[in-house]
Amino acid sequence: MDLESGVFQNQVKKESWKTVLTLAYQSLGVVYGDLSTSPLYVYKSTFSEDIEHTNTNEEIYGVMSLIFWTLTLVPLLKYVFIVLRADDNGEGGTFALYSLLCRHAKVNPLPSRQLADEDLSSYTKDIKSPVPSTFGGRLKSTIERYRVLQRFLLVLALLGACMVIGDGILSPAISVFSAVSGVEVAMKKEHHQYVELPVVCIILIALFTLQHYGTHRVGFLFAPIVITWLLCIAAIGLYNIVHWNPHVYRALSPYYIFIFLKKTQKQGWMSLGGILLCITGSEAMFADLGHFSQLSIQIAFTSFVYPSLVLAYLGQAAYLSQHHEMQNDYHIGFYVSVPETLRWPVLVIAVLAAVVGSQAIITGTFSIIKQCSALGCFPRVKIVHTSSKIHGQIYIPEVNWILMVLCLAVTVGFRDTGRLGNASGLAVITVMLVTTCLMSLVIVLCWHRSVLLAISFVFFFGAIEALYFSASLVKFLEGAWVPIVISLFFMMVMSAWHYGALKTYEFDVQNKVSVDWLLELGPGLGIVRVRGIGLIHTELVSGIPAIFSHFVTNLPAFHQVLIFLCVKSVPVPHVAHKERFLVGHIGPREYRIYRCVVRYGYRDARTDGPQFEDDLVCSVAEFIRTGERKADPTDEEMVVVGTPSSHPNGVQFREENGSNLEITEAREEGVPRAKKRVRFVIPESPKIEVGVRDELRELMEAREAGVAYILGHSYVRAQQGSSFVKRMVINYGYDFLRRNFRAPTYALSVPHASTLEVGMVYNI
């Protein structure tokens, strides 16, 4: 299946208004599920402990004014009109901003960087270096010069990623819990407490259990569910405004914010942690940008989502302004403002909308972990693509079960939306603060705007978010400790993995074998060359890995064709098929040793199995046909070669029945001769040289004989004399992660009968 067919869909997103409106419709079911369910719990969380609802209505008007201006300034102004413009080749999210900054500042977070990576079309797109004399130019050179600043950027991006994971645990809990809490109004008090928690747990277990089926089968229902929900809360809000308080629109004035804070003082400031929940899910507009387009998300939010939410909050405020007696806390919740005849239908729609919103958050968590893993900041995990048509629909089994256990734990442990809201709010606002910090750098380094504009952006939006952050942090003991503990745990895992992987790669670089050693062995390498292709997996992009010399020293035999294969990620979202492979010779041509670097973006779907094997051999054949002979055999210059689908006029690989081998030239009017078992079909023109034809024939014979996979298996230990912290991180932390998480993807997809592992001890 072609999982990358939709990768560059951003190129066609501007075709017509029909396309834009279709994407806007689809975005309602994917992007806005979490944001649209926030009216279920905002008022209840705000009035739960800190402030009281009095007859003067100053509190309810003040809260309504804060909700309105928070919705206007953060999701509408910041995200819709500013942050969405900072896309990374159509992709959004915290790591997209980090990747964008890395490329503009020429800071590569991956150790296996190559100058050829900077020639990728998606790498150099829209990149213009700032004038050195400007502040942007000086900032760029400062970041490039000091590694501590580069690490700070990485830690900032990882902090945002950890908080997204925390949101993936907390948002499903509070959304489903708030939706199911409608039974409080419909049932007797002594009964609902025995129904509410079990129903929530059953829904959450079903939600996580069904993740491996993907959402492509029921995804078409997501948009209608969210649209129905938004229309429902907007209509109820409009009814409450007309029926209870037509003058509630006065609460939109910021004057009531001043009155509210003046009257409530410290309690009003602490209640901001509940008001903050009205913007949960705003980050999804930016994170899911790669599936839609800027214009479609802007249209959906400004024309439908934003007005519906404002009407919903105004309607609740209108109802509460006429109902001041609260015998129980649920009397200020969402369902009490719903007419009695509609409560059960609204409850069903709310539960469905909460499930849709939770699904979007869980998928987003899978996506951010995939990006972290691709950039070497998270242990390798199994990534299952649940749809062959919808790019980005993935499932990670290990992460899914961890999320489920933690989600059930916080649900059973807290059992109320107040503490769940405190926890969720801190995770949400931390991600927004990280986005604000990274955006200020994007304004200077990528957009080349004035530093005053960047400072204004940070001070304006940063001050708003810092105010909410402080209000959330002060409730540390009332639930806000949960996202902090979760983020610290995942930060330690990511840091240990990144540090261990970096030190392992540095050991490989320091102990690699030079090409001169290979030249001294002669064409036969001083060993027996057997038929077949030896595919040696390595992390190195230059030189010969130590496992090769270690192997031939102990077993002096190897294959007639050797390919050193490096599968790596580059800090761009996608790599085009025509730029996928980098191929070159190691040593003279007669050695029949090649290096192939396969490049993927952090959002690309990696292919493996027989199809990848055929593409790899075909790319080497195309390199042989088009490559030039090197004057210096020690030169490892590499050539960009696309996949066979990207060069239909190049060498094509075919496997047919039969026993003979043949290299044929493709003619437009000709028909291939008798069926062959393995062959390369090459263009008729230009004619190839005899030496090139012999090299292709030998590669073809080796391919028919079979492919053997040689994998390095390293045992990593901290060298003697290392500090206590380093020994703990390497010998216990990194070693535990290596043993208990997945092996590299290629190690899982290759046939075991053709696999050979070469073990080495790494003292780092």
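His448 sits in the loop between H19 and helix H20, which spans 451–473. Its phi is positive, about 55°, although His448 is not a glycine. The model is predicted. In it, His448 is partly exposed, with a relative accessible area of 34%. That value falls between the 20% limit for buried and the 50% limit for exposed.

A second non-glycine residue deserves a look. Gln265 also has a positive phi, about 55°, and is not a glycine. Gln265 belongs to the loop between helix H12 (255–264) and helix H13 (266–270). Is Gln265 buried or exposed? Gln265 is exposed, at 57% relative accessible area.

Return now to H19, the helix before the His448 loop. Helix H19 covers residues 417–445 and packs with helix H4, residues 58–80. Two packed helices are described by the angle between their axes and the distance between the axes. For H4 and H19 the angle is about 30°, and the axes lie 13 Å apart. H4 is therefore roughly parallel to H19, since angles under 35 degrees count as roughly parallel. The crossing of H4 past H19 is left-handed. Which residues meet there? H4 brings Val74, Lys78 and Tyr79. H19 brings Met432, Thr435 and Thr436. By type, the residues of this contact comprise 3 nonpolar, 2 polar and 1 charged.

Next comes a cysteine in another helix. Cys201 lies in helix H10, residues 189–209. Its relative accessible area is 15%, so Cys201 is buried. The cut-off for buried is under 20%. Beyond residues up to four places away in sequence, Cys201 touches Leu408 and Val412. Cys407 is 206 residues away from Cys201 along the chain. Even so, the C-alpha atoms of Cys201 and Cys407 are separated by 9.2 Å.

The last stop is a sheet. Seven strands form it, and it is open, with mixed pairing. The order is S7-S5-S6-S4-S3-S11-S12. Strand S7 (639–641) and strand S12 (755–763) stand at the edges. Each has a single partner strand, so one side of each lacks a neighbour in the sheet. On average, neighbouring strands are turned by 30° against each other, direction ignored.

Within the sheet, look at strand S3 (residues 528–537) and strand S11 (residues 707–717). They pair in the parallel sense over 4 bridges. Where does Leu535 find its bridge partner in S11? The partner is Tyr709. Helix H21, residues 481–510, lies across S11 and S12. H21 runs at about 95° to S12.

Key. Residues are numbered from 1 along each chain as its sequence is written. This is a predicted model: local features need pLDDT of at least 70, side-chain atom pairs count only at pLDDT 80 or more; totals for chains, interfaces and linings use all residues. Side-chain values use heavy atoms; hydrogens and water are left out. Axes are lines fitted to C-alpha atoms, for helices over the stretch in contact, and angles run from 0 to 180 degrees between N-to-C directions. Helices (H or I, at least four residues) and strands (E, at least two) are DSSP runs, numbered from the N terminus. Angles under 35 degrees count as roughly parallel, over 145 as roughly antiparallel, 65 to 115 as roughly perpendicular and the rest as oblique. A crossing is left-handed if the near helix is turned anticlockwise from the far one by less than a right angle, and right-handed if clockwise. Contact means heavy atoms within 4.5 Å. Ala, Val, Leu, Ile, Met, Phe, Trp, Tyr, Cys and Pro count as nonpolar, Asp, Glu, Lys and Arg as charged, and the others, Gly among them, as polar. Buried means under 20% relative accessible area, exposed over 50%, partly exposed in between (1.4 Å probe, protein chains only). Two strands pair if DSSP finds at least two bridges between them.
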